Amino acid sequence: MNAVQHTSMADVLTKADEIASLLKSSEEMKRFRQAETKISRHGDAQALLFVVKAKRNQYSQLSLRHGFDHPAVVKAKQEYDDVLDRIAQIPLIDELQAAQEDLNDVIQGILHTLVSSVNNTLSVEKGEEPGDGASGGCGSCSSGGCGRH
């Protein structure tokens, strides 16, 4: 007869730390960090990221104050879109976005595996799916903002 093995919360958290360490040392994380570093050293990209953040804030404030049809809001939206178009022309932005998507895919796979495994033995209430905007963007947005989200 096999003894039932019990796992403590500390054991579960230790395993979670191990998974996080594996993720941090993954090829996907390496490519993401390299792309981030390249962007941080690209003067034009940094300047445009600063401008897009300001334009996004201006557009948000005006739309809240006046509604989306107001001429000032329409103008602010166009200026914001113009800066986004200029950013999209920088190949490093695409590289960063692709690396972010690859990293997100790995994280989504981890989360899906955990939820599926637990859901087979326990009813798990579904809330917002991870990656559905609950984190506030694409990751690069939080480190200066890509302006695409």
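# Group meeting talk: a five-helix chain

Of the 149 residues in the protein chain, buried residues make up 23%. Before I go further, please keep in mind that this is a predicted model.

Let me start with the layout. The protein chain has five helices and zero strands, so if you follow the elements from the N terminus on, you read α-α-α-α-α. I'll walk along the helices, then turn to the salt bridges.

Helix H1 comes up on your screens as residues 9–24, and Met9 belongs to it. Is Met9 buried or exposed? Met9 is exposed, and its relative accessible area is 59%. Met9 also has company: together with Val12 and Leu13, Met9 forms a nonpolar patch on the surface. The accessible area of the three together is about 310 Å².

Move on to Ser26, which sits in the loop between H1 and helix H2. Ser26 is buried, because its relative accessible area of 14% falls under the 20% cut-off. And what does the side chain of Ser26 reach? The backbone oxygen of Leu23, at 2.8 Å.

Now helix H2, which covers 27–40. H2 has 14 residues, and from its first C-alpha to its last it reaches 20 Å, close to the 20 Å expected at 1.5 Å a residue. Which residues are buried in H2? They are Met29, Phe32, Ala35, Glu36 and Ile39. Looking down the axis of H2, you find these buried residues within an arc of 130°, so they line one face of the helix. A reminder on the geometry: an α-helix has 3.6 residues a turn, so residues three or four places apart point the same way.

Helix H4, residues 71–88, can be read in a similar spirit. At 1.5 Å a residue, its 18 residues should span 26 Å, and the end C-alpha atoms are indeed 26 Å apart, which agrees. The buried residues here are Val73, Ala76, Tyr80, Val83, Leu84 and Ile87. Why do we place them on the same side of H4? Because they cover an arc of only 105° around the axis. Turn to the other side of H4, and you meet Pro71 and Lys75, which are exposed.

Val83 brings us to helix H3, residues 43–66, where Leu49 is found. Leu49 counts as buried, at 8% relative accessibility. Leu49 and Val83 are 34 residues apart along the chain, and their C-alpha atoms are separated by 8.7 Å. Val83, remember, is one of the buried residues of H4.

There is another pair to point out. Pro91 lies in helix H5 and is exposed, with a relative accessible area of 61%. Between the C-alpha atoms of Pro91 and Ile39 the separation is 10.0 Å, and along the chain these two are 52 residues apart. Ile39 is among the buried residues of H2.

Now for the salt bridges. How many does the structure hold? Seven. As background, side chains of opposite charge can pair when their charged atoms come close.

In H1, the side chains of Glu18 and Lys15 meet in a salt bridge, at 3.6 Å from N to O. Glu18 and Lys15 are three residues apart in helix H1, which means that about one helical turn separates them. Glu18 itself is partly exposed, with a relative accessible area of 39%.

In H2, Arg33 forms a salt bridge with Glu36, and the closest N and O atoms are 2.8 Å apart. These two are also three residues apart, in helix H2, so about one helical turn lies between them. Arg33 is partly exposed, at a relative accessible area of 44%, while its partner Glu36 is on the list of buried residues in H2. Elsewhere, salt bridges that share partners join Lys55, Lys75 and Glu79 into one network.

And what about a pair that links distant parts of the chain? Have a look at Arg31 and Asp102, whose side chains meet in a salt bridge at 3.2 Å, N to O. Arg31 is in helix H2 and Asp102 in helix H5, residues 91–119, and the two are 71 residues apart. Arg31 counts as partly exposed, at 32% relative accessibility, and Asp102 is partly exposed too, with a relative accessible area of 32%.

To recap: H2 has its buried residues along one face, H4 has its own on the same side, and the Arg31 and Asp102 pair links H2 with H5. Thanks for listening, everyone!

Terms used:
Residues numbered from 1 in each chain as written. Predicted model: local features only at pLDDT ≥ 70, side-chain atom pairs only at ≥ 80, totals over all residues. Heavy atoms only, no water. Patch = residues over 30% accessible without salt bridge, like charges linked within 9 Å, V, L, I, M, F, W, Y side chains within 5 Å. Areas by Shrake-Rupley, 256 points an atom, 1.4 Å probe, with all protein chains shown as cover. Salt bridge = Lys/Arg side-chain N within 4 Å of Asp/Glu carboxyl O. Helix = DSSP H or I, 4+ residues; strand = E, 2+ residues; numbered from the N terminus. Buried < 20%, exposed > 50% of the residue type's maximum accessible area, 1.4 Å probe, protein only. Polar contact = N/O pair within 3.5 Å; in protein donor to acceptor, adjacent residues only side chain to side chain. Expected span 1.5 Å × (residues − 1). Arc of directions from axis to C-beta.
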